[in-house]
Amino acid sequence: MERAYAKLVNNGLEAFDTVKDLHRQGYREEEIYVLAHGESRTDRIADVSNANTIGASEEGVIQSVANLFRDRGDELRSKIKALGFDADEAEQYEAELDRGKVLVLAKH
């Protein structure tokens, strides 16, 4: 699986700017994702920045359903791996999300 673009940013404003840059680089809205530790924060940032959240179409239905029974950290790692990152990278990104960072991902 091809690996996605990923960038950790400090807050929603930086995520918004990063998403804008990705649009200028030719990524379409449906190719850009944001991820924060809190689900409602993820949704708010995605709405404001014209990006997406990672759902069943990216993860697959089985993983998406499994996330209903996982803790948020496991769910986040699953979503990151769904975009082509390995377990170690997913672990590192999830640890940064725990610290309040926002992860912006893009994949053609």
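In which helix is the place of Leu22? Leu22 has its place in helix α1, and this report begins from that helix after a short account of the whole chain.

The structure is a predicted model, in which local features need pLDDT of at least 70 and side-chain atom pairs count only at pLDDT 80 or more, while totals for chains, interfaces and linings use all residues. Residues are numbered from 1 along each chain as its sequence is written, and side-chain values use heavy atoms, with hydrogens and water left out.

## The chain as a whole

The protein chain contains six helices and three strands. Here helices (H or I, at least four residues) and strands (E, at least two) are DSSP runs, numbered from the N terminus. Along the sequence their pattern is β-α-β-α-α-α-α-α-β. Of the 108 residues in the protein chain, 40% are buried. A residue is called buried under 20% relative accessible area, exposed over 50%, and partly exposed in between (1.4 Å probe, protein chains only). A contact means heavy atoms within 4.5 Å. Among the contacts in the protein chain with a separation of 6 or more, 61% are accounted for by residues 24 or more positions apart.

## Helix α1

Helix α1 covers residues 12-24. At 1.5 Å a residue, its 13 residues should span 18 Å, and the end C-alpha atoms are indeed 18 Å apart, which agrees. The expected span is 1.5 Å times one less than the number of residues in the helix.

The buried residues of α1 are Ala15, Thr18, Val19 and Leu22. They cover an arc of only 100 degrees around the axis, so they are on the same side of α1; the arc is that of the directions from the helix axis to the C-beta atoms. These buried residues pack against β1 (5-9), β2 (32-35), α2 and β3 (102-106). The face turned away from the buried side carries the exposed residues Leu13 and Arg24.

Leu22 counts as buried because its relative accessibility is 0%. Leaving aside neighbours within four places in sequence, Leu22 is in contact with Tyr5, Tyr27, Ile32, Val104 and Ala106. One of these partners, Ile32, is ten residues from Leu22 along the chain, and the two C-alpha atoms are separated by 7.8 Å.

Both ends of the helix have a local feature. At the start of α1, a side-chain oxygen of Asn11 reaches to within 3.1 Å of the backbone nitrogen of Leu13. Just after α1, Gly26 takes a positive phi of about 105 degrees.

## Salt bridges

The structure holds nine salt bridges. A salt bridge is a side-chain nitrogen of Lys or Arg within 4 Å of a carboxyl oxygen of Asp or Glu. Three of them are set out below.

| Residue | Partner | Closest N and O atoms |
|---|---|---|
| Arg24 | Asp21 | 2.3 Å |
| Glu31 | Arg28 | 3.4 Å |
| Glu75 | Arg72 | 3.1 Å |

Arg24 and Asp21 both lie in helix α1, three residues apart, about one turn of the helix. Arg24 counts as exposed because its relative accessibility is 60%, whereas Asp21 is partly exposed, with a relative accessible area of 33%.

In the bridge between Glu31 and Arg28, Glu31 counts as buried at 7% relative accessibility, while Arg28 is partly exposed with a relative accessible area of 48%.

Glu75 and Arg72 both lie in helix α5 (residues 72-82), again three residues apart, about one turn of the helix. Both of these residues are buried. In addition, Asp74, Arg77, Glu91 and Glu94 are linked in a network of salt bridges.

## Thr42 in helix α2

Is Thr42 buried or exposed? Thr42, found in helix α2 (residues 39-49), is buried because its relative accessible area is 3%. Not counting residues up to four places away in sequence, Thr42 touches Val34, Leu35, Ala36, Thr53 and Arg72. Arg72 is also the residue that forms a salt bridge with Glu75.

## The aromatic pair

The structure holds one aromatic pair. Phe85 and Tyr93 form this pair, which is edge-to-face, at 5.6 Å centre to centre and 85 degrees between the planes. Rings of Phe, Tyr and Trp (its six-membered ring) pair if their centres lie within 6.5 Å; planes under 30 degrees apart count as stacked, over 60 as edge-to-face and the rest as tilted. Phe85 is buried, with a relative accessible area of 4%, and Tyr93 is buried as well, with a relative accessible area of 16%.

Technical notes
Polar contact = N/O pair within 3.5 Å; in protein donor to acceptor, adjacent residues only side chain to side chain.
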